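Okay, thanks everyone for coming. Let me put the thing up on the screen, and then I'll walk you through it.

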Amino acid sequence: MTDEIELTPTSYIVLGLLSRHGEASPYDLKQMASVSIGHFWTLPHSQLYAEPARLARAGYLSEEQEQHGRRRKRYSLVRRGRQALDEWLARLTPEPYVLRDLALLKLFFGADVGELAEGQLETHRRLLAEFEALAGLDPGAGPRGPWLALDLGLKHERATVSFWEEHARKREEKRQASRARR
């Protein structure tokens with residue numbers, strides 16, 4: 001018997017990660033999320049520990065407990081889970097892109113753009129370099145979804161770096177003009 005539950009974005013994350021990796025413990029799911037979707041989707045790790053058991057009770061996953069060692073529970077996608085994931089992937093997503101950026105929030109409320117630019121440039125240049133290194137690993141074959149998501153991330157980071165560079169440059173020009181007047 002299966003429970004009827006509402007599937008959430010976290011549910012689909014678990015289903016999606018298991019569809020790509022076969023089986024995993026909640027700890028494995030946390031690790032997978034941190035090096036993949038964690039670059040653009042945040043969620044409490046506690047959700048990745050609780051959600052697989054909830055999905056298993058509802059018949060979307062199978063659950064097996066290791067017989068030796070740490071006796072961790074390992075989860076796998078079953079037909080109902082695969083069907084739910086496929087239906088979710090096929091549904092149109094008309095929602096707009098959601099950007100949750102603390103620096104942008106501070107900028108909106110009046111923080112000094114030049115000061116923000118200094119810290120943000122370091123952060124976004126580092127992330128851009130990380131994304132560019134990952135892009136260099138693209139085999140050019142296999143599932144394209146992760147590589148397309150990375151491509152969008154690269155374009156976003158390049159635009160973000162360009163924005164902060166522009167404002168860092170303007171700040172430096174103001175400093176130089178101020179020094180020249182003295």
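So, where is Ala-141 found? Ala-141 is in the loop between H6 and H7; helices here are DSSP runs of H or I with at least four residues, strands are runs of E with at least two, and both are numbered from the N terminus.

Before I go on, some housekeeping. This is a predicted model, where local features need pLDDT of at least 70, side-chain atom pairs count only at pLDDT 80 or more, and totals for chains, interfaces and linings use all residues. Residues are numbered from 1 along each chain as its sequence is written, and side-chain values use heavy atoms, with hydrogens and water left out.

About pLDDT: that's the predictor's confidence in each residue, from 0 to 100. The mean for the protein chain is 92, and 98% of its residues reach 70 or more. Among the elements, helix H5 (residues 102-108) has the lowest mean pLDDT, 92, while H4 has the highest, 97.

Back to Ala-141. With a relative accessible area of 49%, Ala-141 is partly exposed, because buried means under 20%, exposed means over 50%, and partly exposed is in between (1.4 Å probe, protein chains only). Now take Gln-120, which sits in helix H6. Ala-141 and Gln-120 are 21 residues apart along the chain, and their C-alpha atoms are separated by 34 Å. Gln-120 is buried, since its relative accessible area is 15%. Leaving aside neighbours within four places in sequence, Gln-120 is in contact (heavy atoms within 4.5 Å) with Asp-101, Ala-103 and Trp-164.

Leu-134 is in helix H6 too. At a relative accessible area of 32%, Leu-134 is partly exposed. Leu-134 touches Trp-147 and Leu-150, again not counting residues up to four places away in sequence. The C-alpha atoms of Leu-134 and Leu-150 are 8.1 Å apart, with their positions 16 residues apart along the chain.

Now the inside. How many residues does the largest nonpolar core have? The answer is 23, and those with the most contacts inside it are Val-14, Leu-15, Leu-18, Leu-29, Leu-55, Tyr-60 and Leu-61. By nonpolar core I mean a set of buried Ala, Val, Leu, Ile, Met, Phe, Trp, Tyr and Cys residues joined through side-chain atoms within 4.5 Å. Helices H1 (9-21), H2 (26-35), H3 (45-57) and H4 (79-90) each supply at least two residues of this core, and the largest share, six residues, comes from H1. Apart from this core lies another, of 10 residues, among them Phe-131, Leu-150, Val-161 and Trp-164.

Zooming in on Leu-29: beyond its neighbours within four places in sequence, Leu-29 is in contact with Val-14, Leu-17, Leu-18, Ala-24, Leu-48 and Pro-52. Over in helix H1 we have Ser-11, which counts as buried because its relative accessibility is 0%. Ser-11 touches Glu-6, Glu-51, Arg-54 and Leu-55, not counting residues up to four places away in sequence.

Compare Gln-65, in strand E2 (residues 61-65). Gln-65 has 39% relative accessibility, so it counts as partly exposed. With the usual sequence neighbours up to four places away left out, Gln-65 touches Arg-71, Arg-72 and Lys-73. Gln-65 and Ser-25 are 40 residues apart in sequence, and 9.4 Å apart in space, C-alpha to C-alpha.

Last stop, the largest pocket. Which residues are the closest to its centre? Of the 46 that line the pocket, they are Ile-37, His-39, Phe-40, Trp-41 and Ala-149. H1, H2, H4, H6 (113-135) and H7 (145-181) each supply at least two lining residues, with the largest share, 10 residues, coming from H7.

That's my tour, so over to you.

Note on methods
1 Å grid on protein atoms, 1.4 Å probe; cavity = no way out; pocket = protein on both sides within 12 Å on 5 of 7 lines; lining within 4 Å.
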